[in-house]
Amino acid sequence: MSTPATGYVIAIDNGSQSTKVLIVDGLGVVHASARVGLRPYASPAPGRWEHPDDDLWDSIVAAVRGAMAEFGGDTTEIHGIGLCTIRFCRAVLRADGSLAQPIMSWMDERLPRAYEREVDDAVYVTTSSGYLAHRLTGERRDAAGNVQGVWPIDTARWQWSEDAEDYARTGMAPSMLFELAAPGEVLGTLTESAAEIIGLPAGIPVIATANDKAVEALGAGLRDEGDVLLSLGTYVATMIPGDRPLPPHPDVWTNFASEPGRYLYESGGVRRGMWTVSWFRDLLSDAGAATTEDELNRGAESVPVGAGGLVAALDWLAPAEEPWRRGALVGFDGTQGRFHIYRAILEALAIETEAADSRAGRALGRRRRRLLVTGGGSGSMLMLRILAAVYGVPVRVPLVQDAAGIGAAICAAVGTGMHPTWEAAVTSMVAVGTEVGVDAEAATAYGDVRRRYEKLLPRVRRLFADEEEPVSAR
């Protein structure tokens with residue numbers, strides 16, 4: 001283990017549902033933290049999902065101020081800020097860097113298409129991290145690892161493409177784009193005006209990370225090729241480490257890692273995965289009885305494997321290629337209650353993501369030996385036991401649940417010289433939390449439940465499809 005420099009870094013983890021801020025030292029110890037929820041998405045038209053007003057920036061301001069109010073250390077010992085934000089977002093800016101229109105969420109139907117100008121004063125097109133970095137530093141620099149989706153990016157070089165056809169295909173001219181920075185590079189320093197707003201000393205360097213999923217993988221310590229990371233967030237998918245971009249494949253795609261020159265191979269996933277858990281919790285609370293996820297977990301512990309025959313089709317947000325899909329719960333017989341429904345949702349997340357991960361593993365010729373789990377759902381022992389049984393491998397959770405926050409802290413620690421190498425930073429700052437083994441009896445029982453899903457899901461999805469449209473069993 002290296003001997004880190006003294007001091008702290010601030011980690012900003014701007015996710016789909018909230019912004020979390022950690023103040024962390026070189027050993028990965030969290031000295032202060034804050035979380036601020038994001039406002040509900042605005043949907044001005046079908047298929048359009050936007051962050052209202054300046055919500056991402058406002059949440060960062062509130063979360064940084066909240067963490068600083070809790071922090072008892074010397075602010076002059078804060079060496080850097082690691083900025084991690086939601087991937088696949090698009091921000092359209094005026095010449096002065098202000099928002100020309102609301103930031104498009106990763107769910108917005110416009111993002112899989114080329115950019116089309118919608119407002120006259122649009123000058124720049126960037127990601128959520130590009131916009132927020134500009135708010136913090138005044139510089140027009142963005143994290144190369146957060147440029148995912150329809151952009152003229154050369155994935156092998158981590159730079160903008162040199163092919164004019166890529167700019168024509170994406171509808172973006174080079175003059176519209178920000179300069180790119182690799183993970184660990186400086187995006188700029190905190191301006192006087194931004195420092196006054198968020199309550200920090202001016203001049204602190206802001207360090208590039210990558211996209212939120214990649215930063216989460218770094219903060220969970222995903223480095224071994226036998227490990228698989230399952231990120232239990234609004235979007236739920238698995239990732240394994242890689243060393244080069246892959247050619248297009250229906251079951252696995254290449255994501256930037258949060259370390260220069262490294263990549264992550266990502267499976268297909270479940271959209272609005274843990275959002276569905278929150279939706280069900282809030283639905284019960286709205287009915288008059290305030291309900292927490294802890295209560296639901298405790299109640300679902302007594303529900304047997306298979307949730308009394310319930311099957312959940314987790315299509316609360318249909319993929320662009322199959323827009324007819326809808327969420328559904330099938331198999332009611334009058335014996336099930338709220339805990340059965342909750343368990344069915346958790347089981348569906350495990351079964352659907354395991355199937356996607358198995359397809360990705362076959363495409364890559366790899367076999368998983370261990371499952372690392374991050375995100376809000378990683379705090380549920382019930383979920384961890386379900387995952388171990390369904391995936392058939394031991395499950396490990398990092399000590400700090402906000403793995404993306406630790407990943408952003410690692411990027412800042414390397415970028416500011418608190419650690420000399422990425423390996424040293426990960427070794428020093430990532431700690432192991434809960435570990436769960438495989439229950440053989442539950443694993444056998446989930447074989448039967450999996451076969452029920454394989455039989456029913458295609459039929460459920462066919463209910464909502466037009467007759468002439470193909471139906472996927474994924």
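Asp-53 is exposed, because its relative accessible area is 53%, where exposed means over 50% relative accessible area, buried means under 20%, and partly exposed lies in between (1.4 Å probe, protein chains only). This residue belongs to a predicted model, in which local features need pLDDT of at least 70, side-chain atom pairs count only at pLDDT 80 or more, and totals for chains, interfaces and linings use all residues. Residues are numbered from 1 along each chain as its sequence is written, and side-chain values use heavy atoms, with hydrogens and water left out.

**Salt bridges**

The partner of Asp-53 is Arg-39, and the closest N and O atoms of this salt bridge are 2.8 Å apart; a salt bridge is a side-chain nitrogen of Lys or Arg within 4 Å of a carboxyl oxygen of Asp or Glu. The pair links distant parts of the chain, since Arg-39 lies in the loop between S3 and strand S4 (50-51), whereas Asp-53 lies in the loop between S4 and helix H1 (55-70), 14 residues apart. Helices (H or I, at least four residues) and strands (E, at least two) are DSSP runs, numbered from the N terminus. Arg-39 counts as partly exposed, at 41% relative accessibility.

Side chains of opposite charge can pair when their charged atoms come close. A search of the whole structure finds 35 salt bridges, and the table sets out three of them.

| Salt bridge | Closest N to O |
|---|---|
| Arg-39 and Asp-53 | 2.8 Å |
| Asp-108 and Arg-110 | 2.7 Å |
| Glu-162 and Arg-157 | 3.5 Å |

Are Asp-108 and Arg-110 buried or exposed? Asp-108 is buried, with a relative accessible area of 2%, and Arg-110 is buried as well, with 4%. Both residues take part in a network of salt bridges that also links Arg-48, Glu-50 and Glu-118. In the pair of Glu-162 and Arg-157, Glu-162 counts as exposed at 70% relative accessibility, while Arg-157 counts as partly exposed at 38%.

**The sheet**

An open sheet is formed by 6 strands in the order S3-S2-S1-S5-S14-S13, with mixed pairing; two strands pair if DSSP finds at least two bridges between them. Strand S3 (30-37) and strand S13 (186-189) are the edge strands, each of which pairs on one side only. Strand S1 (residues 8-14) and strand S5 (residues 78-85) run parallel and are joined by 6 bridges, and Ile-10 stands opposite Ile-81 in S5.

**Helices**

9 of the 10 residues of helix H2 (residues 128-137) are buried, so H2 is largely enclosed by the rest of the structure. Among the buried residues of H2 are Tyr-131, Leu-132 and His-134. Gly-138, whose phi is positive, near 80°, follows H2.

Two packed helices are described by the angle between their axes and the distance between the axes. The axes of helix H8 (residues 338-364) and helix H12 (residues 440-463) come within 11 Å and cross at roughly 90°; axes are lines fitted to C-alpha atoms, for helices over the stretch in contact, and angles run from 0 to 180 degrees between N-to-C directions. That crossing makes H8 roughly perpendicular to H12, a description used for angles of 65 to 115 degrees, with those under 35 degrees counting as roughly parallel, those over 145 as roughly antiparallel and the rest as oblique.
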